[in-house]
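Good morning, colleagues. Please have the sequence and the structure in view while I describe a few places in turn.

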Amino acid sequence: MNVRATASAGLDVSGATAPSGAKWIHFRKASESAWIRQSMLVLDERGAKRRLVECGISLIGPGWKRALERIDALSDFPPAMIIEQPGWAGSSFAMIDGTVFSPGGESYAPIAFDVDTTKCQTGGSFETWKSDLLMPLIGQSIPLSLFAMALASPLLEITGRSENFGLEIVGPARCGKSTCQFLAASMAGPVKNDSGGKYWISSDATSDGFETAMAGHSDMPMLINEANLFYADLAPRARGDKLKALAFRLAQGHEKTRHKEGKPRSHRFIYIMSTNAPLASLLPAQSSATAEAAADRLMTLTIDTARPHRIFDFVPEGYDDAEGYAKALERVAQNHHGHAMRKFLIALVDDRAADPEKLLRRIDKMMAKFRARTSTGRLGAVNSRIADAFALAYAAGELAKRYKVFPPEIYFGPALAKTYALVAGSRTSGRTFDEMVEHLASLPGVVDLDVSVLAKMDDMTFNAVPAFIRSNRAGDRETLVRPVTLEKEIPGWKKLIKGTDVKTRCKRDEDHLTQKRQVRRGKADRMIVLVAPPC
């Protein structure tokens with residue numbers, strides 16, 4: 001039998017066991033209520049008192065002693081659906097504002113985490129958000145890709161991902177980085193930067209500050225604005241070390257192990273940050289292996305200054321320019337927000353409860369479909385972690401359409417494929433010329449003309465060959481590849497060629513990046529000719 005008694009001045013205490021196995025004490029006094037982990041009362045008495053005061057319950061002197069005596073007398077801790085942190089809790093999902101979505105509707109399960117009632121507030125109407133913000137974004141690859149990535153956050157746990165995905169949007173000032181984040185944030189909560197609360201967070205914080213932020217974004221997107229403010233007072237290399245550590249920490253999602261705080265918690269989320277300079281540019285050149293590992297965990301999307309409309313693919317009719325277009329969308333986001341993510345979560349919770357295995361199969365099928373339609377199936381230049389992130393985002397976007405959160409006119413496949421190519425280009429921008437040549441020569445299906453006679457090939461057969469290799473008269477090994485193949489394998493290859501001695505390493509005709517070469521019998525084709533590195 002559960003012992004329950006009044007400790008002092010109307011205070012009532014009782015015990016319960018959460019699904020995780022942790023034991024909790026429930027304090028109630030008049031209309032105030034607080035859940036304190038039993039271990040906290042032993043390991044961090046001061047922290048427990050602070051937590052009670054924050055919840056409106058103050059115990060001083062003898063009152064605290066009598067409360068502890070009553071807690072010591074508790075003999076029974078029955079199972080209870082206590083929600084210990086935001087995100088998935090069994091078949092339910094808790095938002096940071098304390099709203100709990102359970103199969104069939106909202107639930108009133110006990111909340112044992114610190115609630116923030118402002119972060120996920122709704123404003124305006126969902127229909128206006130769709131008509132005035134979402135529909136004008138049809139065909140805009142980068143904003144729609146960020147929407148899909150944000151929606152993918154609650155799928156990480158469903159698909160058993162062990163690490164989080166991260167994306168840095170890199171570009172100069174006024175290129176639309178923050179606009180893109182604000183639009184994505186409007187799915188989950190407010191975007192105004194005022195005292196009323198906002199969903200996105202500033203990077204003007206310490207590493208420990210980001211740990212606190214992780215807890216508030218479990219199974220939700222984390223949108224970090226202006227990463228250049230993170231330890232901005234440090235020298236570039238020191239900042240690079242801090243950012244690298246942050247990238248690893250956010251990817252893992254684990255809190256630090258601290259004295260007197262018991263087992264650290266883990267959090268799943270997809271994080272998207274904006275910055276003026278990529279992480280890779282802040283790391284020393286000799287730390288290539290570390291930079292590669294960091295790049296696996298923090299993908300880079302570069303907004304090239306050559307893009308005429310910044311983050312947008314085009315400016316629709318009715319808007320003077322990209323800036324006016326962005327401002328109009330931001331005005332809608334400021335007044336209409338917070339509805340899309342809630343509607344998505346409500347449908348996802350019901351879908352998962354109805355048949356979790358079927359939902360997982362559907363997600364896997366959607367991910368495979370995206371890979372099959374893009375170059376992510378052949379990960380020549382890009383790590384599989386990046387392919388997984390984009391495929392999962394595609395699945396989330398398609399689920400949102402299935403749940404009627406997004407209309408059928410929104411096509412996530414083409415948008416994500418374009419953005420994936422941009423990320424792949426950013427990733428390969430750190431590849432050297434020699435590494436590019438070695439990669440092309442190692443592709444399956446390459447034809448070595450030194451050991452094979454020129455064959456007669458129709459266009460279909462010719463186009464299926466990724467590259468040809470042959471030795472020139474000087475004995476140098478040349479790799480010959482079609483421009484379209486090179487663009488698919490290594491987006492951003494033109495930058496690599498511009499950075500080399502084109503006279504000796506990239507052979508070309510005047511006014512061309514290519515040369516006419518005979519690699520099949522009876523026909524000369526325009527090929528990019530790359531000289532292999534010396535042995």
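I begin with G166, which is found in strand 9, residues 165-170. Please keep in mind that this is a predicted model. Is G166 buried or exposed? Its relative accessibility is 2%, and because buried means under 20%, G166 counts as buried. Leaving out residues up to four places away in sequence, G166 touches Y271, R297, L298 and M299. The C-alpha atom of G166 is also separated by 7.9 Å from that of L250, although these two residues are 84 residues apart along the chain.

One of those contacts, Y271, leads us to strand 12. Which strands pair with strand 12? Strand 9 pairs with strand 12 in the parallel sense, over 6 bridges. Within this pairing, V170 has T275 of strand 12 as its bridge partner. Strand 11, residues 220-225, is likewise joined to strand 12 in a parallel arrangement, here by 5 bridges. L223 stands opposite I272 of strand 12.

Strand 12 itself spans residues 269-275, and 7 of its 7 residues are buried, so the strand is largely enclosed by the rest of the structure. F269, Y271, M273 and T275 point one way from the strand, while I270, I272 and S274 point the other way; all are buried.

Let me turn to a second sheet. This open sheet has 4 strands in the order 5-6-7-8, with antiparallel pairing. Strand 5, residues 87-89, and strand 8, residues 105-107, stand at the edges; each has a single partner strand, so one side of each is left without a neighbour in the sheet. On average, and with direction ignored, neighbouring strands here are turned by 35° against each other. Strand 7, residues 100-102, is joined to strand 8 by 3 bridges, and the two run antiparallel. There, S102 stands opposite G105 of strand 8. Helix 12 packs on this sheet, where it touches strand 5, strand 6 and strand 7, and the direction of helix 12 makes about 35° with that of strand 7.

Just before helix 12 comes H339, in the loop between helix 11, residues 322-335, and helix 12, residues 340-354. H339 is buried, with a relative accessible area of 17%. What does the side chain of H339 reach? It reaches the backbone oxygen of G124, at 3.2 Å. Apart from neighbours within four places in sequence, H339 is in contact with T122, G123, G124, S125, F126 and M187.

F126 brings us to helix 4, residues 126-134, where F126, W129, K130, L133 and L134 are buried. These residues cover an arc of only 110° around the axis, which puts them on the same side of helix 4. In general, an α-helix has 3.6 residues a turn, so residues three or four places apart point the same way. The buried residues of helix 4 pack against helix 5, helix 7, helix 11 and helix 12.

Finally, the nonpolar cores. The largest has 90 residues, and those with the most contacts inside it are F147 and F406. Helix 14, residues 384-402, gives the largest share of this core, 11 residues. Among the residues that F406 touches are W129 and L134, which we met in helix 4, together with F147 and M187. Apart from this core lies another, of 18 residues, including I201, A213, I224 and F230.

Note on methods. Residues numbered from 1 in each chain as written. Predicted model: local features only at pLDDT ≥ 70, side-chain atom pairs only at ≥ 80, totals over all residues. Heavy atoms only, no water. Buried < 20%, exposed > 50% of the residue type's maximum accessible area, 1.4 Å probe, protein only. Contact = heavy atoms within 4.5 Å. Polar contact = N/O pair within 3.5 Å; in protein donor to acceptor, adjacent residues only side chain to side chain. Arc of directions from axis to C-beta. Pairing = 2+ DSSP bridges. Axes fitted to C-alpha atoms, helices over the stretch in contact; angles between N-to-C directions. Core = buried A, V, L, I, M, F, W, Y, C linked by side-chain atoms within 4.5 Å.
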